[in-house]
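Here's a quick briefing to help you find your way around. Have a look at the picture, then read on for one helix and one sheet.

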Amino acid sequence: MFDSSAHRDAELYCRVPCVLDVESTHRRPQMWWIIRSKSGTMTCWPDKSNSIDGRLVATQPDFQITPDQEHLQAQARDLRFHPAVAVEPKSLTVTQVESYNTDGYTKPIDVYSNDEITDLRNYFDQLLEQTVAAGGNSYSISTAHMKHGRVYDMLTNSRIVDCVADILGNDVIAWGSHFFCKMPGDGKAVAWHQDASYWPLSPSRAITVWLAIDDADLENGCMKFIAGSQHSGHLTYRQSDPEEHSVLDQTVDSPEQYGHIVVDDLKAGQASIHNDLLLHGSESNNSTRRRCGLTLRYAAAEVRAEMGWNAKGVVVRGTDTTGHWGNPSRPAQD
Ligand SMILES: O=C(O)CCC(=O)C(=O)O
């Protein structure tokens with residue numbers, strides 16, 4: 001028997017719990033979900049499930065933050081820049097849409113008031129404390145909208161989705177939420193990279209809203225963009241060296257050959273939006289102030305996701321006519 005409240009559109013899936021012998025890859029055998037979507041796509045994801053009285057009780061799928069390159073390379077992906085579609089944007093200004101198309105990002109966007117972001121910061125402080133107590137760290141809170149109702153609320157906030165729809169069009173999927181929280185002096189950087197290079201998504205009609213939970217500036221390691229680099233396609237990268245202390249594992253060298261550096265400094269409650277092919281990164285936090293940002297990821301509904309990532313996508317605007325995305329409901333717990 002299988003219990004799960006993880007998916008609102010339960011009829012979209014055929015769920016088959018099974019144990020696969022993956023000893024050949026030197027990993028423990030574990031429980032997987034094999035999922036068949038309405039459109040017939042078969043996907044498979046590892047599941048951190050508990051077995052209670054012989055029943056499987058779903059907790060959460062274990063999506064990798066940096067998926068296996070072999071799997072990614074096996075997928076035919078269309079990694080070209082797709083400009084914003086809105087001729088008459090409703091929330092962004094025409095200038096902001098134009099700057100997104102030219103430079104690959106737009107900033108700053110005022111999202112939360114001082115009171116609202118203070119409340120959200122207090123929430124995050126508690127979440128971080130619980131995460132660390134459970135053995136995680138300040139970078140490990142990922143796919144958080146499938147576990148925490150308050151993160152789901154931020155991801156689906158109509159003020160944010162309105163801006164996203166001005167870029168991606170009327171049918172929008174919200175599929176990712178990951179805190180990048182640099183503690184003072186933790187030494188962690190994010191090497192220059194393109195998000196699309198990590199994601200099993202095609203075509204590359206996906207963007208990130210980077211929401212500042214704390215003030216972010218050069219001193220505490222805010223993001224930097226290479227303006228216009230989204231026009232250069234999928235760039236050559238190498239595996240990051242351990243000395244780079246990067247949170248992720250890809251590094252694109254000599255970034256300034258693709259454009260000039262722009263500092264993404266933001267006040268808490270503000271956000272920036274960047275394209276999935278835009279080259280970006282951040283240096284370590286050498287200040288005494290924390291720098292936490294919540295990355296909220298969106299895609300146009302026409303985008304196809306592999307490696308089971310379609311399970312994460314919430315339909316936040318318009319429709320998903322092919323039923324590709326899982327459309328998980330709001331988790332009950334904060
Ligand atoms: O927060 C950072 O410093 C990096 C975030 C990032 O790489 C991203 O949004 O993809």
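Right after helix H2 comes Gly-104, and its phi is positive, near 90°. Keep in mind that this is a predicted model. The points below look at H2 itself and then move on to a sheet.

**Helix H2**

- H2 covers residues 94–103, and its buried residues are Gln-96, Val-97, Tyr-100 and Asp-103.
- Those four sit on the same side of H2, because they cover an arc of only 155° around the axis.
- What do the buried residues of H2 pack against? They pack against strand S6 (105–110), helix H5 (158–168) and strand S15 (270–275).
- Turn to the face of H2 that points away from its buried side, and you'll find Val-94 and Thr-95, which are exposed.

**An open sheet**

- How many strands form the open sheet? There are 4 strands, running in the order S8-S16-S11-S14, with antiparallel pairing.
- At the edges you'll see strand S8 (190–193) and strand S14 (261–264), each of which pairs on one side only.
- On average, neighbouring strands in this sheet are turned by 25° against each other, if you ignore direction.

**Inside that sheet: S11 and S16**

- Strand S11 (residues 223–226) and strand S16 (residues 280–282) are joined by 3 bridges, in the antiparallel sense.
- To spot a bridge for yourself, start from Phe-225: its bridge partner in S16 is His-280.

Key. Residues numbered from 1 in each chain as written. Predicted model: local features only at pLDDT ≥ 70, side-chain atom pairs only at ≥ 80, totals over all residues. Buried ≥ 20, exposed ≤ 12 C-beta atoms within 10 Å, placed from the backbone. Helix = DSSP H or I, 4+ residues; strand = E, 2+ residues; numbered from the N terminus. Arc of directions from axis to C-beta. Contact = placed C-beta atoms within 7 Å. Pairing = 2+ DSSP bridges. Axes fitted to C-alpha atoms, helices over the stretch in contact; angles between N-to-C directions.
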